[in-house]
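Visitor: I would like to learn how to read the contact between two chains. Could you walk me through it?

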2 protein chains.
Amino acid sequence: MKPIAKDVIDKVLADKDIVDIGKATIRQCVNVAQELEQISGEKFMHLEFGIPGLDACEVGIQAQKMALDEGVASAYPPASGVETLKQWGSKFIKAFINADVKAEGIIPTVGSMQGCYNLLLECSQLKKGKNVILYFNPGFPSHYLQAKVLGLESRSFDMHDFRGEKLRGKLEEMLSDGRVCALLYSNPNNPSWCCLSDDELRIVGEMCEKHDVIALEDMAYLCMDFRKDLSHPFRAPFQPTVAHYTDNYVMMISASKIFSYAGERVAIVAISDKLFHRFYPDLQERYGIGKFGDNFCLTYLYVNSSGCSHSAQCALASMFKASLEGKYDFVGTVKEYGMRARRAKDIFMKHHFHLVYEKDQDGEIGDGFFFTVAYDDLNCTSLILNMMRCGISTITLTSARSESVGLRVCMSMLNSEADFQTLDDRLATFEGVMEREYHDEYIRAIL
Amino acid sequence: MKPIAKDVIDKVLADKDIVDIGKATIRQCVNVAQELEQISGEKFMHLEFGIPGLDACEVGIQAQKMALDEGVASAYPPASGVETLKQWGSKFIKAFINADVKAEGIIPTVGSMQGCYNLLLECSQLKKGKNVILYFNPGFPSHYLQAKVLGLESRSFDMHDFRGEKLRGKLEEMLSDGRVCALLYSNPNNPSWCCLSDDELRIVGEMCEKHDVIALEDMAYLCMDFRKDLSHPFRAPFQPTVAHYTDNYVMMISASKIFSYAGERVAIVAISDKLFHRFYPDLQERYGIGKFGDNFCLTYLYVNSSGCSHSAQCALASMFKASLEGKYDFVGTVKEYGMRARRAKDIFMKHHFHLVYEKDQDGEIGDGFFFTVAYDDLNCTSLILNMMRCGISTITLTSARSESVGLRVCMSMLNSEADFQTLDDRLATFEGVMEREYHDEYIRAIL
């Protein structure tokens, strides 16, 4: 395709009230790209939005249809979730994470988005004065927006600068005033795809114990560190987790990516047995219910949505069951993303991009759902805008609160040979634009 | 059944951290009843929880299964909802409410619970200093809890004391300091089943215009004022609405009751065309998006759950379509609740209960999904506890912030001849308990 003129994009951004595309949310970027598709008549490459690029797990679809036939659509789901989902969720966690969480602590949510939203809110209300959220940067942009929407105070630091044993000192610094109630991270990391090691998770766990902080562990990409084979239920190696090192944790496990089931908006949180039953006087006073776990279901989730799709809960129960029984190999299925990443990275390198996060502690970063790229010394806004002009939609690392300049590139929509070819062509176009427009004085002055 | 001993119930309440059952939420009451069922070995009559007592609308089930077959489970629903749902939702509103709302303003939510939660939050953030919620009492208990969870300030008044033209003066008093951002009510009212008349809705609309307040109109029981025949699409009489008198409104229409589709957690909000596009500088500053409607989808709903079940959205679209095309008579189907109410009221009267809200302005209250009863001069806590002892689970009017003493009784679970017989027997048992225990000095002293 021919590059779209800059003023066309500027007009679309103005129409959509977007002041700086470099700071826009994913959904806003999607909207802009869709508008530009209509204007240009060309299909964009959607590398911004983590839509599953695989078909939904068939086990789930069959179970969900059966549940609908059995009449679940008329009945509110139980307050703490469908019993089979709680049971199989608990076993699934044992099988792939080697952690013990009782079924009562497995609570379904409308995606991990809802789980995290309500966990942040609950954690901030556990004890007066202890209400700050600590984020590990870079991170999932929506997680930051959640705190903003809820009016919660937060602090953060760039994980990249504090790998390994360095993490201990940094956490001590961030937590020592006692104001942090919870810390939040995704592992593998979105967008950098760095993975916290067991040593690092031990440090996180120890610091959570020391400062009475709850670790909120987003496992959206469970078992997707393909450098190790995590595909065998009940057999090491397992997905690393902070749950091995503290009782102050809640894991979030979503069906969206591991089972390509994003459309049905279903996930679970897994609240540690100890935290589930922990009594908080402030909660008792505010809601007449004192325990963490009961409040999560009966107070927070209840008034937020009264649970999530009854039939989708049945679907997720079946997918957990099939996976832990070895009848459905979810890791083998999503490994496709790793293969796409390998190929896409090569194409970006060919066109003189470089990886932003290229090391994971001492090793190479793994190939997974995301990677991060930058070009020359272009800033985030220029980078995303010029990629858009060439029909490639991404999000910036600025929106992920990285201190590095670059873009997050998602593998999900690179579905075919033709897609890789298109990527190659459009990155060539991008290079052409850079040569024509950015290597003359006029544009250099702007940059 | 034989009445359950009082100390058995006291122990269950203590185990569940419930200090006063008279102030418990519905979900807590359900939990207590379930525990007592296990202990007593007797099935309770669940008159507390508005579970649909009818089968889910078959049109929806078929459409949802088809959507799953077509692969929607893998794709996130669009940020502002599935297009067909938006289109048919807009037409459905025209057909049964005679209001004009463009498809863009029809946004699916995870039940009206999620719609209301996020509307309250958004309304409270539109303008600094204008952030108080006004509730019409009595009301749906969860609506009050939403403000508490979100830390929002609220005020309220008992609708019952200000019917007709009296409403104007009361609203003037409540709104005149300019701090109220939104007012919230259900029509028909939950729990009293009183219905705001067109004259009253006109007053609400005029006061919303005068004081720049947004009316949040919960239509959970759309077209269920069976005193009028509201069953014919595109033909008067229509469901009354504030939308006829102001542009400052959002309607909430849930599939839970009208289509008995509560399990799938799907509803729509309908934002007025004018409000959808209204620009709020405070929103622009906080989120980089200024318009009310865009923020609702792209900010609030997005970080809360990233939409609701894709397949359930398809189901709801089909149910709207079938209804407005006259192929599915949802009003005729739910009219069953009205017939049950007539019969249940007679049984309560036989056992010397009285209706709490028995008048609706000058007329008799209609027969619908709920009615309200009290017994002698028993207070709320004694009333609900002693009903529980006799195997009947309800919620108190205290939890609905009524100033009257009594219980809300829901028709949904009175499914068969045997249920009415059981109700009759258990109310006889209740009367026996009252005679034995409450008409002696010891208990009178407690009361």
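Visitor: How much area is buried between chain A and chain B?

Guide: Please keep in mind that this is a predicted model. About 5,700 Å² is buried between chain A and chain B, and carbon and sulfur atoms give 56% of that area. On the side of chain A, Arg27(A), Tyr76(A) and Tyr302(A) supply 15% of the area buried against chain B, more than any other three residues.

Visitor: How many residues does the contact take from each chain?

Guide: The contact takes 72 residues from chain A and 72 residues from chain B.

Visitor: And the polar side of the story: how many salt bridges does the rule find across the interface?

Guide: A salt bridge here needs a side-chain nitrogen of Lys or Arg within 4 Å of a carboxyl oxygen of Asp or Glu. By that rule there are two across the interface of chain A and chain B. Lys65(B) and Asp69(A) join their side chains in a salt bridge, with N to O at 2.6 Å. For polar contact, the rule finds 29 residue pairs across this interface.

Visitor: Which helix gives the most to the side of chain A that touches chain B?

Guide: That is H12(A), with seven residues. By residue type, this side of chain A divides into 35 nonpolar, 25 polar and twelve charged.

Visitor: What rotation superposes chain A on chain B?

Guide: A rotation of 180°, with 0.0 Å of shift along its axis, does so at an RMSD of 0.0 Å. The two copies are therefore related as by a two-fold rotation axis. Lys65(A) comes closest to that axis of the residues of chain A, its C-alpha lying at 2.9 Å. The same surface serves both copies, as 100% of the contact residues of chain A recur in chain B.

Terms used
Residues are numbered from 1 along each chain as its sequence is written. Chains are lettered from A and ligands numbered from 1 in the order in which they are written. This is a predicted model: local features need pLDDT of at least 70, side-chain atom pairs count only at pLDDT 80 or more; totals for chains, interfaces and linings use all residues. Side-chain values use heavy atoms; hydrogens and water are left out. Contact means heavy atoms within 4.5 Å. Buried area is the accessible area (1.4 Å probe) that two parts lose on being put together, summed over both. A polar contact is a pair of N or O atoms within 3.5 Å; within protein, one must be able to donate a hydrogen and the other to accept it, and residues adjacent in sequence count only if both atoms are side-chain atoms. Helices (H or I, at least four residues) and strands (E, at least two) are DSSP runs, numbered from the N terminus. Ala, Val, Leu, Ile, Met, Phe, Trp, Tyr, Cys and Pro count as nonpolar, Asp, Glu, Lys and Arg as charged, and the others, Gly among them, as polar. Copies are superposed by least squares on the C-alpha atoms of residues with pLDDT of at least 70 in both.
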